[in-house]
Amino acid sequence: MFTGARWLRPSALLHELDRDPDADRVPDLDVASEPARSARRPRRPRRTARDWVVDFACFLLAVLVGLAGLESLVANPDVPRALVRGDQVLGALSCAALWLRRRWPVGLAAVMVPVSQISETSGGVALIALFGLAVHRPFRYMIGVACAHLVAAPLYYWWRPDPELPYAAAVALTVLLTGVCVGWGMFVRSKRQLLLSLRDRARRAETEARLRAEQAQRLAREAIAREMHDVLAHRLTLLSVHAGALEFRPDAPREEITRAAGVIRESAHEALQDLREIIGVLRTGESDDAGRPQQTLAALGRLVAESREAGTKVVLDHRVTDSGAAVPASVGRAAYRIVQEALTNARKHAPGVEVAVAVTGGPGEDLAVSVRNPGPAGEARPVPGAGQGLIGLTERATLAGGTLEHGPTPDGGFEVRARLPWG
């Protein structure tokens, strides 16, 4: 009948726990769409086993209090028999109405204020109804009914004095019982509100975790896109340059054609390897350091030699105090990618010119990277490209804690300058 521990919880709490926070956010519904609004709200669950036990215990307590009040009425010879029978009827009806305290707590508590003034057997029902009101409704509903009980208590004992207690003691006892019922009910309500707040906090934490995961995925995709541009642009530019040379020089000597074909084959093979590595990262979710070792400053010589074999004139000024292997991995990767992208841009926009590459620095100093080329001798043939390389380089240098500047030189050329921290 009940799944898990739900039968140990009150139905009102289950109703709030099962409520969808987004279900009540129905935008601008008119009267005709009111059924849609009510259809989206979860039904109030039936009484759980705990509810039945608590309600029966309250009903039994109210009956016992009513019987005690009836005994005092019967023992009082000054009370007419007709008044005793009327009091019994009101007490029985009040005890029966106690089963409605979960559905209409405000109405029942408000009605029991005047009823308890004329029926001594309804006193227990009035206190239990006040307790239910404090549990199921906010403080603003409960305070008015509680004040009405406190105001009516002196009048009740002035009209119907207790034969066993003094007037002041009877009033003080009623005020004490009212305060206990109100305080206990507010305590129960605060516990339920705490549970609901913990539920909402858990939902917010899940939402924030999902948003953080989505942001991490987006940043990872951006990093992979930058890496793909930096890696593949260099290889594909070599393919484009040599394929263009073969297109314009079909009558070139056999040795030059063989060398160009070898560069094209090697560049295509390297590009395929890099592409496989990046796709592997996408599939397995591994870090940037997975797969083949990432190129660092130690591989700068091989990069320059590769560019020279492709026909680019490169002058390298490599003056690093310590060996390239001692450069931090992140700084070395950033420096390598900056030089690689700058050489790629030089081949694209100024083919045939001499490119000057300078790398200087040491431990405790900034690592300075400079790639400079003069303007092209003639109009350069456009080479396909994304045009986002310099933006990616600037972001890469910033992530490494450094800066990157680029722009034209007075002689019509172009220069890329970067400073990376080497702590």
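Start by selecting strand 1 and strand 2: in this predicted model, the two run parallel to each other and pair over 8 bridges. To find one rung of that ladder, pick Lys313, whose bridge partner in strand 2 is Glu354.

Keep strand 2 on screen and add strand 3. This time the pairing is antiparallel, with 5 bridges. Click Ala358 and you'll find it standing opposite Ser370 in strand 3. Now follow the chain around the hairpin that links strand 2 and strand 3: 4 residues sit between the strands, and Gly364 takes a positive phi near 85 degrees.

Next, color the two faces of strand 2. Which residues are on the covered face? They are Val355, Val357, Val359 and Gly361. Glu354, Ala356, Ala358 and Thr360 make up the uncovered face.

Zoom in on Val357 from that covered face. Leaving out residues up to four places away in sequence, Val357 touches Val314, Val315, Leu316, Asp317, Val339, Leu343, Ser370 and Val371.

Time to widen the view. Nonpolar side chains tend to be buried together in soluble globular proteins. Here, the largest nonpolar core has 31 residues, and the members touching the most other members are Leu297, Val339, Val357, Val359, Leu367 and Leu420. To see who contributes two or more residues, select helix 10 (300–309), helix 11 (329–349) and helix 12 (389–399), then strand 1 (313–320), strand 2 (354–361), strand 3 (366–373) and strand 5 (414–421). Helix 11 gives the largest share, 9 residues.

There's another core to visit, too. Select Leu108, Met112, Ile128 and Val145: they are among the 20 residues of a second, separate core.

Now show the cysteines. How many disulfides does the structure hold? The count is 0. Take Cys58, for instance: its nearest cysteine sulfur belongs to Cys181 and lies 9.9 Å away. Cys58 counts as buried because its relative accessibility is 14%, under the 20% cut-off. Hop over to Cys147 for a contrast: at 38% relative accessibility, that residue counts as partly exposed.

Finally, zoom all the way out and show the whole protein chain. You'll have 12 helices and 5 strands in view. Of the 423 residues, 37% are buried. Switch on a surface and you're looking at about 24600 Å² of exposed area, with carbon and sulfur atoms supplying 61% of it. One last thing to try is drawing contacts: among those with a separation of 6 or more, 71% join residues 24 or more positions apart.

Methods:
Residues numbered from 1 in each chain as written. Predicted model: local features only at pLDDT ≥ 70, side-chain atom pairs only at ≥ 80, totals over all residues. Heavy atoms only, no water. Core = buried A, V, L, I, M, F, W, Y, C linked by side-chain atoms within 4.5 Å. Buried < 20%, exposed > 50% of the residue type's maximum accessible area, 1.4 Å probe, protein only. Contact = heavy atoms within 4.5 Å. Disulfide = S-S within 2.5 Å. Pairing = 2+ DSSP bridges. Areas by Shrake-Rupley, 256 points an atom, 1.4 Å probe, with all protein chains shown as cover.
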